[in-house]
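Welcome, and take a moment to turn the model around before reading on. The paragraphs below start from one pair of side chains and work outward from there.

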Amino acid sequence: MKQACSCVLLVLLWQRVTAVLDPLRHNDCHSRAVSMETQILDNYLTDQHTVTVIESCTEIPIMSPYCLHNPVPLNAFTLHRFQAFVHQSLELTTQELEYRTNECFVGSGHMDDLLTELLPYLSEYNPRAKVMLITQEMADQELADLFHAAWYRYRLLQLIVLNHRANDTIESCLFNPFRKALSPELRYLPTGKSDLHCRLLTDGQQLDAYNRELNHFIDDRVYNLNGYPLNIAMHVSNGSTSAYDCILGTVSFTDIDQEILSIMQKQMNFSLILHKNELELSIGYIHQNGTPVGALGLIEQNAIDLAANSRIIHNYDTRNLLYLHYISTEKLVFITPRNYFRNRDKTQVFINPFSVAYMLTNVLLSFGVPMIIFLLEYAARRLDVPREPSSHTFGTKVLNLVGIIYNVSVKLPRADRKRWIIVGLLVYNIVSYPIWQGVTIRYLHPSNQQVNNINSLEELIETELELKVSHYHEHIVRHEGPHFQSPVYSALSGRLSTRNTSSLRDSIEQIIMHGNSALLIAEEYVPLVLAGNYRWIPGKPDGIWPIQKPIYEFYKSMAVPKTSPFAGTFNAIVLHCVEAGMNDRFKHQLETAVQLMQIRRIREHPSVPDYIVFNMEHLLPLFIFYFAMLLLSGGMFLIELAVHAFQASRARSQQRAPLSVPVEEYVPFEFVH
């Protein structure tokens, strides 16, 4: 029975059912102290939707939430019930990615109760909520210690303490840690009463001015940090976050992440503690099990305030993380050795199964069949084999069959020389077929850029190139997950290596000099690489070819903890920068750098392309040769006809045949009907 009651109680707590409260006496809400407390709370709850009352101390009753002029939904808990509710909500709520900002908690108690029993649970449940604590006759140093622990230990910034000094006197205190003095080592000094913003209220007429002052204090708290040290993780390089300073040389430009960070620092006036010892510190990614790593891990542990160029890899349960608006999209593409498939057009045309089979078959038919017929007839003459008087001999039939194979519509001549003329024409036809095929391919592709280069990820997989990726992008690809369901992406990611990629200069040199590797880089920096003047590689101004299809696409963003009070201000500044066209300006700077480098490279290395562009002028010798062959074969054919006619007429004049026996006139070519 006891367990059943506990389960029902927990369910009611989980659903946050509005508690049933005892009716209040009318004079409780109209006492001066409760009235002032109610007006402060009413002003404090301007944009709040729910109020949770935590009855933690019977000696200090909480009356003001029940006396609000604009009633809001109320939840009431005892301290122990609230602690149980927090434990259960943390166990059951695994998909919650955002701390709600429209909640307010009102609690009461003495120093020990608030510091050890209430603040830790409020911080664990929702550190972004507004909190009002009501206490009585708390000493000045205790107030300072309470605010110090609330911010530096529990990250509760939106806290107001109402300390009842007397029956009709309330001391209202706030804290702004960003205006507090720091030690020379940028360490936090102990908090004293002078660091608090306290106001003694004795009359309701003071409340209007105080409420305006309270709103201004809250709104202005994070807009001027006055040297407050912010821990920021960022990969800093001379020119870009992808470390292309080795290519740029004397050309430099400002990176967009650094520029926005500079604007933030100027507008908010904070001191910068930059974590740049390791590259991974500036990369935020999340393991498959949902564990934040890199900058996001530091944010999760409240060890850092901002990751200026973090990366979002997975949309897992990042309970304590808040991502700012995206700045830009970055795509990763491969750069490969230029002209990797040397003379691939010839290979595709001449050395492929179809062309080889075509040429061998036709060569065998062209040379083999006439040679066999010639040998058979030669053997028949040597052996005095009797022949049939009919002209339809075996050789004639075979030659007619060969003529049908080659689409020849006449009988082949009997004379050996005439046969070899036709055989020569057929051989030229065989050889010219792949030549014309190659000319067609090169005519459709005026240069070898599309023919002899790697143009797709599928072609890249078929090569034996060593696929490399920098440590900067390796985490992105390795932990990407869902996008690698494609076999192509899986195969490429499985072959990626970070060996010898600490220097991009060396990686690019390996591609140009040896042509045995490909490198995965950001797409927007590809023109910069192509325009690079590789003066450290003698005689190799060109050697890189990019694959246009990206292997992966991700977002560049800034990340801050959800507990951070800077989220709204950072968002506003980032949006202002993006709307002002900073992203376009950054890309324009890249384009300008590329144009300058191209001008310099052309001036210093005027090189001639190492490939031939086919046009009609290059095809002229082929046409001349083709027509010369036709004229030669046609001329020999006409000469043979003239010689044969002369010999036939001469034979008829010298011999007198009987009139009763008809003489069959020999025709070298007879049309087949």
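In what kind of link do the side chains of Glu 171 and Arg 165 meet? They meet in a salt bridge, with 2.6 Å from N to O; the term stands for a side-chain nitrogen of Lys or Arg within 4 Å of a carboxyl oxygen of Asp or Glu. Before going further, please keep in mind that this is a predicted model, in which local features need pLDDT of at least 70 and side-chain atom pairs count only at pLDDT 80 or more, while totals for chains, interfaces and linings use all residues. Residues are numbered from 1 along each chain as its sequence is written, and side-chain values use heavy atoms, with hydrogens and water left out.

Let us stay with Glu 171 for a while. Glu 171 is buried, at a relative accessible area of 6%, where buried means under 20% relative accessible area, exposed means over 50% and partly exposed lies in between (1.4 Å probe, protein chains only). Its partner Arg 165 is partly exposed, at 30%. Glu 171 also forms a salt bridge with Lys 193, at 3.0 Å from N to O. Glu 171 sits in strand 6 (169-175) and Lys 193 in the loop between strand 6 and strand 7 (196-201), so this pair ties together parts that are 22 residues apart in sequence. Helices (H or I, at least four residues) and strands (E, at least two) are DSSP runs, numbered from the N terminus. Lys 193 has a relative accessible area of 25%, which makes this residue partly exposed. Put these residues together with Asp 140 and you have a network of salt bridges linking Asp 140, Arg 165, Glu 171 and Lys 193.

Next, look at helix 6, which covers residues 140-152. This helix has 13 residues and reaches 18 Å from its first C-alpha to its last. That is close to the 18 Å expected at 1.5 Å a residue, the expected span being 1.5 Å times one less than the number of residues. Buried residues of helix 6 include Leu 143, Leu 146, Phe 147 and Trp 151. Among the elements that cover the buried residues of this helix are helix 5 (111-125), strand 4 (130-136) and strand 5 (159-166), along with strand 6 and strand 7.

Now move along the chain to helix 17 (residues 487-495), where Val 488, Tyr 489, Leu 492 and Ser 493 are buried. These four cover an arc of only 120° around the axis, so they lie on the same side of helix 17; the arc is that of the directions from the helix axis to the C-beta atoms. A general rule helps here: an α-helix has 3.6 residues a turn, so residues three or four places apart point the same way. On the other side of helix 17, Pro 487 and Gly 494 are exposed.

Another salt bridge joins Arg 499 and Glu 466, at 2.8 Å from N to O. Arg 499 lies in the loop between helix 17 and helix 18 (504-514) and Glu 466 in strand 15 (residues 466-469), so the pair ties together parts that are 33 residues apart in sequence. Both residues are partly exposed, Arg 499 at 48% relative accessibility and Glu 466 at 23%. Glu 466 is also one of the residues in contact with Ser 517, as are Pro 337 and Gln 510; contact means heavy atoms within 4.5 Å. Ser 517 belongs to strand 16 (residues 517-522) and is buried, at 1% relative accessible area.

What does Asn 302 touch, not counting residues up to four places away in sequence? The answer is Arg 155, Pro 561 and Thr 563. Asn 302 and Pro 561 are 259 residues apart in sequence, yet 7.2 Å apart in space, C-alpha to C-alpha. You will find Asn 302 in the loop between helix 10 (295-300) and strand 12 (306-311), partly exposed at 34% relative accessibility.

Finally, step back to the whole chain. The protein chain has 22 helices and 18 strands, and buried residues make up 45% of its 673 residues. Among contacts between residues at least 6 apart in sequence, 81% join residues at least 24 apart. The salt bridges come to a count of 9.
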